[in-house]
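Work through the following exercises with the sequence and the model side by side. Each task is followed by a solution that goes step by step.

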Amino acid sequence: MKGAIFDLDGLLVDTERTYRDGWLWGFKQFDIEIPQEIVDTWGGKNWKQSYDLLIKMAGTPEMVQKVREKREEYFYQQLHSGAIQLKPHAKEVLKELNDQKLILGLATTTVTKRANNILDQFSLKPYFHTYTFGDEVSENKPSPIPYLTALERSGLTASEAFAVEDSLVGATAASRAGMGVVLIPDSSFDRAYTEREKADLSILAEGTDLLIVLEMLEKQKGKK
């Protein structure tokens, strides 16, 4: 393998729960109740992909925008207060992959401004060679376009790199791009995907934390 393309939220940084709580808090500011179970299904998606449901819950596009602004306010409060943390072993794994001379790219649904704020907050930019943000592509995950774009920017083919993802949405996008996937379900939501859910995915390895990436590479070296 010459490279790897990583997701960001819920994989390297423990943000997905904050996004969920931010939506719940945002709706609450306008006395709108929304079931937490519904918001939990939005993990790995751009907010626009849940737009129809947001309209249904908020009533108007204008109210959706107001709720979203409140969610952003909540998110940045949590980010800058230190409430959001890196996932275990994130920098350890990224450093090791850099030491192994792998080309590392980022492919995230998160928009450029927020993604850059997250990357800067945790000093993650030095580990990556390329970035592909959610507002730079014509379609977001589960479309393969984010990963195809990331591969092109990294100068890699699908057979030369693997993806690292925490959600089925992201793993589907990578698989559709022809990539193998290391799947690490986000522990914040106690996710355990069924074999049926994973049937169409190109899973290389699955684990509970990022160390599975290094374990997978070691096993591949042993087969050579």
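**Exercise 1: a pair within one helix**

In this predicted model, K95 and D99 lie four residues apart in helix 5 (residues 90-99), so about one helical turn separates them. Task: determine how the side chains of K95 and D99 meet, and whether K95 is buried or exposed, wholly or in part.

Solution. Begin with the general point that side chains of opposite charge can pair when their charged atoms come close. Next, take the distance from N to O, which is 3.0 Å for K95 and D99 and, being within 4 Å, makes the contact a salt bridge. Finally, turn to accessibility: K95 has a relative accessible area of 46% and is partly exposed, and D99, with 44%, is likewise partly exposed.

**Exercise 2: a lysine with two partners**

Task: which side chains meet K198 in salt bridges, and is K198 buried or exposed?

Solution. First, E195 pairs with K198 at 3.3 Å, N to O; second, E206 pairs with K198 at 2.6 Å. As for accessibility, K198 has a relative value of 10% and therefore counts as buried, the limit being under 20%. E195, at 61%, is exposed, while E206, at 34%, is partly exposed. Elsewhere, D14, R17, K87 and D186 are joined into one network by salt bridges that share partners.

**Exercise 3: the whole chain**

Task: how does the radius of gyration of the chain agree with that of a compact globule?

Solution. For 224 residues a compact globule would have a radius near 17 Å, and the chain has 17 Å, so the two agree. To complete the picture, buried residues make up 52% of the chain.

How values were computed
Residues numbered from 1 in each chain as written. Predicted model: local features only at pLDDT ≥ 70, side-chain atom pairs only at ≥ 80, totals over all residues. Heavy atoms only, no water. Rg over C-alpha atoms; globule rule 2.2 N^0.38 Å. Buried < 20%, exposed > 50% of the residue type's maximum accessible area, 1.4 Å probe, protein only. Helix = DSSP H or I, 4+ residues; strand = E, 2+ residues; numbered from the N terminus.
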